[in-house]
Amino acid sequence: MKLIFKAGVWALALLAAEGASAQNVLKYVNPNIGTAHSRWFFYTPAAVPYGMAKLAPSTNGHYGNPSGWEAVGYDTRQNSIEGFVHFHEWQVGGVSFMPTTGELRTQPGDLDKPASGYRSHFDRKNQVAEPGYYKVLLDDYGITAELTATKRVGFHRYTFPKSDQAHIILDIGNKQGESGDVTDASIRMVDATHVEGFVSTYPKYVKTYDPSGKVNMYFFGEISKAPANVGAFTAAGAQPDTKSAAGKGAGLVLNYKTTAQEKIELKIGLSYTSIANAKANLLAEAKSLTFDQARTAAQATWQRELGKIAVEGPSEQDKTKFYTGLFHALLGRGIASDVNGAYPKHGGQAGQLVASGPGPKPEFMNTDAIWGGYWNLTQLWALSYPEWYGNYVNTELQVYRDKGWFGDGLANSEYVSGVGTNFVGLAVAGAYQVGIRNYDVNLAYQAVRANELNYRHRAFGSGKMDVKAFTQYGYVPFREDYKQYQGEWYKTDSTGSYFSNSHTLEYSYSAFAAAQMAKALGKKADYEQLLKLSNGWQKILNPQNKLMQPKLADGTFVGNFNPYEPWRGFQEGNAMQYTFYVPQNPAGLIEALGRDKFNNRLDSLFTASAKTGFGGGKEIDAFAGIKAIYNHGNQPCLHISWLFNFSGQPWLTQKWTRQICDEFYGTEPIHGYGYGQDEDQGQLGSWYVITSLGLFDVKGFTDSRPIIELGSPMFSKSTIQLGNKKQLVIEAKNTSKQNMYVQSAELNGKPLNNCWLYRDELMRGGRLVFTMGPQPNKAWGSKTPPPSAQ
C-alpha cells in the first residue's frame, strides 16, 4: 500500500504487495492485551506509528501520576470513560475532549462515582480498538465516539442521539496521565467553527531532573458544525456564553441541539512549539481529509509498517503476540517536531531542525529512557526500521548541541530519566556500528565520549552523577547512607551511590561501547582508557560467593549481604539478577565463575523462575519481580536467557527463550506482558518480536563488527524487509511448541555450524533455514561460541 499526499489532496493507491502486505496483519493486533496496569502511552489505538497525535479513551487520566511513572490512563478493570485525550508520551499528556448529553457537568467525576461528573459508563462489548482506530458507545449518553489520526492531527467523530442538551466538553486545564499539574492554559473560539489553545505542565520528572523546564502543548481545531452557543469553565466554576477561558481547570463547552444519529466531527492539529504550527500541521496533513479517509490512511500506514515483517505458522495466538508486540514497539515513542521542522527546546522555547547528514531531515522525538532498549528496541529498529534509529540519534545530538549533555529520557527536550543513568552513548555507538550514520559522526563521538568520561558541571538530569567516582576507582563505591539523604531517596554523587553495583555494571558496558567507537575512529588513547573502564565489573565480583557485591570506597565488600535484596546496590533488581550483567564480555564472566558453575546457576535460575512466570508471578505491580531470581518484566534481565550461547550450551538459550515467549507473554487484558509489568514504550513487545524470530545480540550491536546470535525461531516462515531494502526469509522446518530445539541450520544453502553469525552477513538477505526438533542437538552450535573479544 502506498499513501500519496499532494497539495492537500489525499489519495490512496493500492499497489501489488508481497509477504505480510498481502495479508491483513491488523487483525492480529489486539490493543486490549495487557491493559491492566498499563502505562500512559500503552493504550493509544487512534494513532499512526511514532505519531504525535495519540488519541485514546482515558478511564483515570485526571488522577495524575504522583510518582511520575505509574500505570495510568486506561485500565481494563475500570468501566467508565472520562474523556478522549490527544497527547500520550513519557511525562506528556493533555487536552481531553468528551461528548455528553443532558445536564452539563464540567468535572470528570470519580471512578467509584461516575455520576459525580461527566464521565460515562461503557461496555467493552461495544468497544472497537484497532491500529489507527477506536470506537466506543458511551452508555450514559447514547453517544458513539470514534477516533483516528494522522501524524500530528487527531480526528473525532461523535454520533449523537436526538437531544436539546448535547455538549462537547473541551477540558484542557487539568492534569492528564504523566503530565503533572497544569501551570497555565488557554482556550478560545477563533470563529464559529475553529478553536485554539495551549497547555503548560510541570511533570514530576521535569521538576526532579530539569527544574527550570516545562512542557507545552498547543492545538488548533476545526469543528464540522458551529455550536448553538459556547460556555467556558475554570477551576473557579462555569461561565455561560463565554468563548474563552484561561488558567488551571480551563475549558470550553460547545452546546448543540442534535437530531437522532447526527454526526459532529473535529480535527485537532497538534504541536509542541506554537498554535501557529499546530494550525500549519492541520493544514498540511488534514485540510481536505475526512474522518473515513484519515482512518483508511492510518490503517494503511499500520499495514505497511507492521507488514515489513511477515510471520507464518499455525498458531494464531503467537501471531497475535507478535503483531501486538510490534504494534507497541512502533507506537512507543512519538515525534515532537512539526511539518516545518520546528521542535521544542528547553524551557518552552522552539528550535529549528537542520539536516546534518545524508537522507531526509530527521524528526525530533520524545522518549522514555533507553535503559534496556539495546536488548530489544534498537535491534528491531536496526533490522527493519533504521530511519527511527536515525531519528533517535539525531534527537539526542540536537539535545547535546542545545544543552551540552545527552538526556536518557526526554520530554520536549527536558531531561526526564527516571533511572539516573544514561545509556544514550551506547545506543549511539550501536547505531554507528550497524552503519546508521545520517548525522555528524565527529559530534556524535564527542558526545559519546563526554557521556562516559566527563563529570565537571554535569547536568543532574543527564544522569551518571557518579562518573568521577567510576573513573577514579574503576567502580562506583557503595554509599549506605545515601539510601535516604535529606529527604532525597537513593542519592548519587561524585563520591558514590546507593545503586553502586548496577551503576558499575552499566557504566562498564557503555564504556565498552564507547571504546569500540573510539577504535573505529582511530582514537587510540580514548580506546585504551575506555576499554580498561569496561572491566569495572571485575572489581565488584566477590571471588568467594561469585556474586556482584557492593563495595565500599576502601575496597572492602559490604556486610549483611543478601543477594535477593533489591535496591541495596542495585536499581530495580538484586545481586542474583545483576551478576549476569556483563554483556560486553560474557566469556570473561564465564571464566570468572567457572563454566560449570555458570551453566548450573543460570539453568537453575530459569528452572526456578519458570514457576513464577519468569517474573513476579501474578501480582499486578511493575516491581513485582525485583526480589525474584529472574525478572523478565524489567530491563536488567532481558539478555540473560541468551548467555548460554556463550557457555557452550546453546540448546538452553533455545529452550528458555521459547518458554519465556510462551509463558511470560499472554493474549489477555490482564496477562499481556507478565502481570502488570513495566512495558516501557514498546521494549517488552520488541523483545518478543526479535526473540521469536530467533535473532538477538547481548552486546546491542556495540562490537566493532556486530554479531547476531541465533535462538529458537517460532514461526515456520518469516519474511523480513531489511532496512537496507533487501529481504531475509527465515524458515524453521518442523517448528512447534515441542520442537523448539535447533537440529541444524544453513544460510543461503551453506551449513551454519555456529549459533551466531556476523550481522553484515545476515543483512545481505537471502534464506536462513533451521531444522527443528523435540530434543536438543547438543553438538550444534556448541563448539565455537560467539566472540567476546576485548
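Start with helix 6 and helix 8, which are roughly perpendicular to each other (65 to 115 degrees; under 35 counts as roughly parallel, over 145 as roughly antiparallel, the rest as oblique). Select residues 386-403 for helix 6 and 441-453 for helix 8: they pack at about 75 degrees, axes 10 Å apart. Axes are lines fitted to C-alpha atoms, for helices over the stretch in contact, and angles run from 0 to 180 degrees between N-to-C directions. Helices (H or I, at least four residues) and strands (E, at least two) are DSSP runs, numbered from the N terminus.

This is a predicted model: local features need pLDDT of at least 70, side-chain atom pairs pLDDT 80 or more, while totals for chains, interfaces and linings use all residues. Numbering runs from 1 along each chain as its sequence is written, and side-chain values use heavy atoms, without hydrogens or water.

Now show the contact residues (heavy atoms within 4.5 Å). Leu-397, Tyr-400 and Arg-401 of helix 6 meet Leu-443, Ala-444, Gln-446, Ala-447 and Ala-450 of helix 8.

Next, the open sheet. Its nine strands follow the order 8-9-10-11-20-15-14-13-18, with antiparallel pairing (at least two DSSP bridges between two strands). Strand 8 (127-130) and strand 18 (244-246) are the edges; each has a single partner strand, so one side of each lacks a neighbour in the sheet. Neighbouring strands turn by 15 degrees on average, direction ignored.

Zoom to strands 13 (182-191) and 14 (194-201). Eight bridges join this antiparallel pair. Met-189 stands opposite Val-195 in strand 14.

Last, select helix 3, residues 291-306. Helix 3 packs on the sheet, touching strands 8, 9, 10, 11 and 20, and its direction makes about 50 degrees with that of strand 10.
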